[in-house]
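Q: Got a minute to go through this one with me? I'd like to start from a local detail and work outwards.

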Amino acid sequence: MDNDAEFEYVEDEPFADWQDLDNEVKIQGGVLRVSMRDLRGLSGSTRLKVRVLATIAEQLADLGIGYLPEELPGDQHAHVVLYKIGSEAGAVIAAVRNGSSGERAESALRQLNTAKSTAAKREYDLKAKELAEQIDALDEVARDMRTIIERQ
């Protein structure tokens, strides 16, 4: 499975400003993959030097946005995954990074597991329904065959 497929990626759509980026993160469910080039553009810089990376990190923090990897890459072709810090995704990431055993981390991890098991149950139920429909169709064919045999 391609992990990139799990995140919405906005390519060649520079954001008007930092608030525009924050709005896009919210629109995308609190998780958004962007290029460092796009973040560099928001900072008004032409190169991703140490000070520019620090400015980007500060701007993201001011918006309540965290990022993966833990350190912003200095390569404009690299991508980062942005997430809202107070979100369930943020709680999971914080739990992993900090070894947190708090209630919020537990709740976020449980919700993550429940979401996966709920999706698996939905898939199972759908397949069971399809199988039941196929069995009903076969029963109907068998009835028709019995009727034809009985008439002969």
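Q: What follows H3, and what is its phi?
A: Gly64 follows H3, and its phi is positive, near 75°. Keep in mind that this is a predicted model.

Q: OK, H3 itself. How does its span compare with what 13 residues should give?
A: It agrees: the 13 residues should span 18 Å at 1.5 Å a residue, and the end C-alpha atoms are 18 Å apart.

Q: Which residues of H3 are buried?
A: Val52, Leu53, Ile56, Ala57 and Leu60. They cover an arc of only 140° around the axis, so they sit on the same side of H3.

Q: And what is exposed on the other side of H3?
A: Val50, Arg51, Glu58 and Asp62 are exposed there.

Q: What do the buried residues of H3 pack against?
A: Two helices and two strands: H1 (18-27), H2 (36-43), E2 (65-68) and E3 (79-84).

Q: Let's zoom in on Leu53. Why does it count as buried?
A: Its relative accessibility is 17%, and buried means under 20%, so Leu53 counts as buried. Leu53 belongs to H3, which runs over residues 50-62.

Q: What is Leu53 in contact with, leaving aside neighbours within four places in sequence?
A: Met36, Leu48, Leu72, Pro73 and Gly74.

Q: How far apart are the C-alpha atoms of Leu53 and Ser43?
A: They are separated by 9.0 Å, with the two residues 10 apart along the chain.

Q: Switching to the nonpolar core. How many residues are in the largest one?
A: It has 22 residues. Those with the most contacts inside it are Leu21, Met36, Leu39, Ile56, Leu60 and Leu82.

Q: Which elements supply this core with at least two residues each?
A: H1, E1, H2, H3, E2 and E3 each do. The largest share, 5 residues, comes from H3.

Q: Take Leu82 from that list. What does it touch, not counting residues up to four places away in sequence?
A: Leu82 touches Leu21, Val25, Gly30, Val31, Leu32, Val34, Leu39, Leu60, Ile65, Gly66 and Tyr67.

Q: Now a lysine. Is Lys84 buried or exposed?
A: Lys84 is buried, with a relative accessible area of 18%. Its place is in strand E3.

Q: What is Lys84 in contact with, leaving aside neighbours within four places in sequence?
A: Asp22, Val25, Lys26, Gly30, Leu63, Gly64, Ile65 and Gly90. So the glycine we started with, Gly64, is one of the contacts of Lys84.

Q: Next, Ser35. Where is it?
A: In strand E1, residues 31-35. Ser35 counts as buried, at 2% relative accessibility.

Q: What does the side chain of Ser35 reach?
A: The backbone nitrogen of Asp38, at 3.1 Å.

Q: Zooming out. How many helices and strands does the protein chain have?
A: There are 5 helices and 3 strands. From the N terminus on, the order is α-β-α-α-β-β-α-α.

Q: What share of the residues is buried?
A: Buried residues make up 29% of the 152 residues in the protein chain.

Q: And how much area does the protein chain expose?
A: About 10600 Å², with carbon and sulfur atoms supplying 51% of it.

Q: Last one, on contacts with a separation of 6 or more. What percentage comes from residues 24 or more positions apart?
A: Such residues account for 47% of those contacts in the protein chain.

Notes. Residues are numbered from 1 along each chain as its sequence is written. This is a predicted model: local features need pLDDT of at least 70, side-chain atom pairs count only at pLDDT 80 or more; totals for chains, interfaces and linings use all residues. Side-chain values use heavy atoms; hydrogens and water are left out. Helices (H or I, at least four residues) and strands (E, at least two) are DSSP runs, numbered from the N terminus. Buried means under 20% relative accessible area, exposed over 50%, partly exposed in between (1.4 Å probe, protein chains only). A polar contact is a pair of N or O atoms within 3.5 Å; within protein, one must be able to donate a hydrogen and the other to accept it, and residues adjacent in sequence count only if both atoms are side-chain atoms. Contact means heavy atoms within 4.5 Å. The expected span of a helix is 1.5 Å times one less than its number of residues. The arc is that of the directions from the helix axis to the C-beta atoms. A nonpolar core is a set of buried Ala, Val, Leu, Ile, Met, Phe, Trp, Tyr and Cys residues joined through side-chain atoms within 4.5 Å. Accessible areas come from the Shrake-Rupley method with a 1.4 Å probe; for residues, only the protein chains shown count as cover.
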